[in-house]
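Biologist: I'd like to learn how to read a model like this one, feature by feature. Can you walk me through it?

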Amino acid sequence: MKTVAETLTAHRSIRQFKPDEIPQNVIDEVLQEAIMGTSSSGNLNSFSVILTRDPVRKRRLYELHSEQDFVLQAPLVITFCADWHRTRQWLKLRGARDNFNNFLGYQVAANEAMLISQSVTLGFEARGYGLCYMGTTLQAMQEIADYLNLPETCLPITTIAVGVPDEQPERRERLPMRAYIHDETYQEASTSKLEELYQAREISGWQRYMSMPHLKAMCEEGSITSLAQMYTSPYKYDPDAYAATSLRVLEALRGRGFLPGGLEVGQDEQ
Ligand SMILES: Cc1cc2nc3c(=O)[nH]c(=O)nc-3n(C[C@H](O)[C@H](O)[C@H](O)COP(=O)(O)O)c2cc1C
């Protein structure tokens, strides 16, 4: 098994998988290690993890995840949920005051879901498995919640598709470390510093897009001439689509009882 440093150094998102199943004992080991080895706010462990292996269910998740092919290929799809439902049921059982059905509760549980997802990621990667996260979880938050039968105050936060890698992608670049690290207080980058920080990324990122004929054609068609323009173009993170998704996320929070006004009369357990 790889060390943490070796695992991080070897990390690449994997989007092509061999058909090999992941043995149940490996899945159990990775999950157990992650649950025991991840810090948790109040040790209340406000997350749930849904394992999907059934091909029919995977196909539906594939549709909900914008038809990303690797969802069908990967033998295992894991949805990490922010979940206060279990804890709130327990509080109720013991006659304790209800809590966590508000935005702060959502934020804390969403953090927990992301923390546990990265521990699980490291566990699989340390054992030579590959995976890719799916941001489409937030785009289809409500639909995925419905499909997976998630109860009140439980929502999907992120998803990974895991399996045996069938590709060896290049390591993806990051900005130089000094872009992210601030000494004592935040130091805003000057224009010349920004130019310097993004220089290598703009060249390598743009070259990567231009090396893919369909993306090159899309850029030419949409008069996109730089990496920055590509990022907020309709092909990537279109601002209007992003704002619309943002509203849908708020509706999902309301619908699952994390924001006021979303529950049917009588459903609110307070
Ligand atoms: C929260 C999150 C959501 C992501 N969503 C997707 C996705 O929907 N589809 C995809 O192909 N990659 C997705 N990725 C993978 C990123 O594209 C990838 O991590 C990034 O390009 C850096 O590459 P690397 O992981 O190989 O270093 C996601 C990553 C994160 C952390």
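Biologist: Let's start with valine 162: is this residue buried or exposed?

Modeller: Keep in mind that this is a predicted model. The general idea is a cut-off on relative accessible area: under 20% is buried, over 50% is exposed. Valine 162 has a relative accessible area of 0%, so it is buried. You'll find valine 162 in strand S4.

Biologist: Which residues is valine 162 in contact with, leaving aside its neighbours within four places in sequence?

Modeller: The list includes Phe17, Ile22, Ala74, Pro75, Leu76 and Ile78. Phe124, Tyr129, Gly130 and Leu131 are on it too. For a sense of distance, take glycine 37: it is 125 residues from valine 162 in sequence, and their C-alpha atoms are 20 Å apart in space.

Biologist: Is there a general idea behind contacts like these?

Modeller: Sure: nonpolar side chains tend to be buried together in soluble globular proteins. Here the largest nonpolar core has 52 residues, and Val120, Phe124 and Val162 touch the most other members. Helix H6, residues 103–126, gives the most to this core, namely seven residues.

Biologist: And what does phenylalanine 124 touch?

Modeller: Skipping neighbours within four places in sequence, phenylalanine 124 is in contact with Ile22, Val26, Ile27, Val30, Leu76, Ile78, Tyr129, Leu131 and Val162. Apart from that core lies another one, of seven residues, with Leu215, Ile224, Leu227 and Met230 among them.

Biologist: What about polar residues? Where is threonine 158, for one?

Modeller: Threonine 158 sits in strand S4, residues 154–163. Its relative accessibility is 5%, so it counts as buried. Beyond four places in sequence, threonine 158 touches Ile78, Thr79, Phe80, Met114, Ser117, Tyr133, Met134 and Thr137.

Biologist: Where does serine 233 lie?

Modeller: In the loop between helix H11 (227–231) and helix H12 (239–255). Don't assume a loop residue has to be exposed: serine 233 has a relative accessible area of 5%, so it is buried. Not counting residues up to four places away in sequence, serine 233 touches Ile224 and Asp238.

Biologist: Now backbone angles. Which value of phi does asparagine 45 have?

Modeller: The thing to look for is a positive phi in a residue other than glycine, and asparagine 45 has one, near 45°. Asparagine 45 lies in the loop between helix H2 (24–37) and strand S1 (47–52). At 26% relative accessibility, asparagine 45 counts as partly exposed. Glutamate 67 also has a positive phi, near 55°. Glutamate 67 is in the loop between helix H3 (55–64) and helix H4 (70–73), and with 49% relative accessibility it is partly exposed.

Biologist: Let's zoom out. How many helices and strands does the protein chain have?

Modeller: Twelve helices and four strands. The C-alpha trace spans about 60 × 45 × 40 Å along its principal axes. Of the chain's 270 residues, 37% count as buried.

Biologist: How is the protein chain divided into domains?

Modeller: Domain 1 covers 4–169 and domain 2 covers 177–241. Their centres, taken over C-alpha atoms, are separated by 29 Å.

Biologist: And where do the charges sit on average?

Modeller: Compare the mean positions of the two signs: for the 27 positive and 35 negative charges, they are 3 Å apart. As for the surface, the protein chain exposes about 15,900 Å², with carbon and sulfur atoms supplying 53% of it.

Note on methods: Residues are numbered from 1 along each chain as its sequence is written. This is a predicted model: local features need pLDDT of at least 70, side-chain atom pairs count only at pLDDT 80 or more; totals for chains, interfaces and linings use all residues. Side-chain values use heavy atoms; hydrogens and water are left out. Helices (H or I, at least four residues) and strands (E, at least two) are DSSP runs, numbered from the N terminus. Buried means under 20% relative accessible area, exposed over 50%, partly exposed in between (1.4 Å probe, protein chains only). Accessible areas come from the Shrake-Rupley method with a 1.4 Å probe; for residues, only the protein chains shown count as cover. Lys and Arg count as positive and Asp and Glu as negative; His and the chain ends are not counted. The place of a charge is taken as NZ of Lys, CZ of Arg, CG of Asp or CD of Glu. A nonpolar core is a set of buried Ala, Val, Leu, Ile, Met, Phe, Trp, Tyr and Cys residues joined through side-chain atoms within 4.5 Å. Contact means heavy atoms within 4.5 Å. Domain bounds come from an automatic or database domain assignment.
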